[in-house]
Amino acid sequence: MNSQTLKLIGRRFFAAAMSLVFVIVTVFAITNVLPGDATDAVLGQGATPQVVAVMRHDLGLDRPVFFRFWLWGVLHGDFGHSLLNGLSVADAIGPRLHNSLLLAGASAAVSVPVSLFLGITSAIWKDTVYDRVVSIMTLGMVSVPEFVIATMAVYVFAVRLHLLPALADVGSVHSLRQFLSAFFMPVASLALVTLAQMVRMTRAAMADTLSAPYIEMALLKGVGPIRLILVHAIPNAIGPIVNAVALSLSSLLGGVVVIEVVFTYPGISGLMVDAVSSRDVPTVQACALVFCVTYLFLTTFADVVTILSLPRGRKA
């Protein structure tokens with residue numbers, strides 16, 4: 001790895017760090033200009049101004065904005081406490097984050113292998129009947145939002161056929177059968193949309209690589225199809241393919257919010273939605289930070305793989 005490659009990677013990490021700081025500042029600013037605060041959720045509309053003032057003082061909401069800036073606590077590993085119950089935000093997020101990662105991981109385990117296979121094979125057999133069928137199917141799935149797929153799954157499998165529960169009760173999972181019963185519809189709803197996006201992006205990246213001059217030269221030299229794909233095409237397309245996977249998985253974060261609400265899944269997205277409605281600012285900020293860090297990790301990892309996959313990045 002040469003110095004130029006290290007500089008490119010360093011710049012990418014620096015850009016990710018600056019993006020993270022920008023997001024923290026933006027989320028803090030937005031949550032502090034929203035109308036109302038946690039006192040409205042706790043005391044209700046009938047509270048007197050004196051009682052509201054006392055509670056705002058107890059919660060520290062009357063302090064200047066600079067001293068309430070959430071970044072200072074994050075730098076010391078303190079994510080604050082919930083304004084509603086006083087519990088540590090980190091303790092509240094921990095179990096919810098585990099559930100969300102389990103759902104996202106199961107969806108990725110299903111969508112990534114299938115999408116890579118379909119995307120690569122569609123590029124290899126470009127403009128064939130197989131390619132057209134895959135393209136039409138993925139285009140149709142991309143056009144349908146997650147909540148529509150989730151709602152249709154609940155109607156078909158839970159309401160009409162009575163095969164699966166409408167709610168994802170992960171607390172009662174103690175066997176493989178119970179796991180499949182609780183996770184089938186949420187995972188399928190997430191995986192279908194993510195898979196469709198990933199197939200189309202993977203196909204485009206692989207098709208671009210297969211049309212490169214060095215691939216044509218390899219064909220003229222008599223390289224076999226299997227060796228052509230495995231040795232010449234895929235190693236040179238790994239950067240764009242990883243980028244396609246990372247971007248598709250990052251879009252999965254937005255889908256998790258919708259899916260967790262539809263299936264009442266006890267994940268971090270549901271916690272964030274409840275915190276927004278109750279103006280629990282520290283919880284909202286912590287949840288937003290988790291989503292931002294996950295997104296930045298995926299995109300930064302994809303960029304680093306792309307840099308290392310370049311010819312100059314492979315040199316020692």
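This is a guided tour of a predicted model, from the whole chain down to single residue pairs.

**Before selecting anything**

Residues are numbered from 1 along each chain as its sequence is written, and side-chain values use heavy atoms, with hydrogens and water left out. Because the model is predicted, local features need pLDDT of at least 70 and side-chain atom pairs count only at pLDDT 80 or more, while totals for chains, interfaces and linings use all residues.

**Whole chain**

Color the protein chain by pLDDT, the predictor's confidence in each residue on a scale from 0 to 100. The average is 80, and 85% of the residues score at least 70. Confidence is lowest in helix α13, residues 311-314, with a mean of 52. It is highest in helix α6, residues 129-142, at 88.

Switch to a cartoon view. The protein chain has 13 helices and zero strands. Helices (H or I, at least four residues) and strands (E, at least two) are DSSP runs, numbered from the N terminus. Of the 316 residues, 40% count as buried; buried means under 20% relative accessible area, exposed over 50%, and partly exposed in between, with a 1.4 Å probe and protein chains only. Contact means heavy atoms within 4.5 Å. Among contacts with a separation of 6 or more, 74% are accounted for by residues 24 or more positions apart.

**Stop 1: α1 and α12**

Select residues 3-33 (α1) and 281-309 (α12). Their axes come within 10 Å and cross at roughly 160°. Axes here are lines fitted to C-alpha atoms, for helices over the stretch in contact, and angles run from 0 to 180 degrees between N-to-C directions. The two helices are therefore roughly antiparallel to each other, a label for angles over 145 degrees (under 35 is roughly parallel, 65 to 115 roughly perpendicular, and the rest oblique). The crossing of α1 and α12 is right-handed: the near helix is turned clockwise from the far one by less than a right angle, whereas anticlockwise would be left-handed.

Now show the side chains of R12 and D303. They form a salt bridge, with the closest N and O atoms 2.2 Å apart. The pair links distant parts of the chain, D303 in α12 and R12 in α1, 291 residues apart. A salt bridge is a side-chain nitrogen of Lys or Arg within 4 Å of a carboxyl oxygen of Asp or Glu. D303 is partly exposed, at 24% relative accessible area, while R12 counts as buried at 18%.

**Stop 2: α11 against α12**

Keep α12 and add residues 268-277, helix α11. The axes of α11 and α12 come within 9 Å and cross at roughly 145°, and this crossing is left-handed. From α11, the contact is made by I268, S269, L271, M272, A275 and V276. From α12, it is made by T283, V284, C287, A288, V290 and F291. Within α11, I268, S269, G270, L271 and A275 are buried. After α11 comes R279, whose phi is positive, near 60°.

**Stop 3: D131 and R203**

Select D131, which sits in helix α6. D131 is buried, with a relative accessible area of 3%. Leaving aside neighbours within four places in sequence, D131 is in contact with S122, W125, K126 and R203.

Add R203. D131 and R203 form a salt bridge, their closest N and O atoms being 2.8 Å apart. D131 lies in α6 and R203 in α8 (residues 176-210), so the pair ties together parts 72 residues apart in sequence. Both residues are buried. A search of the whole structure finds two salt bridges.
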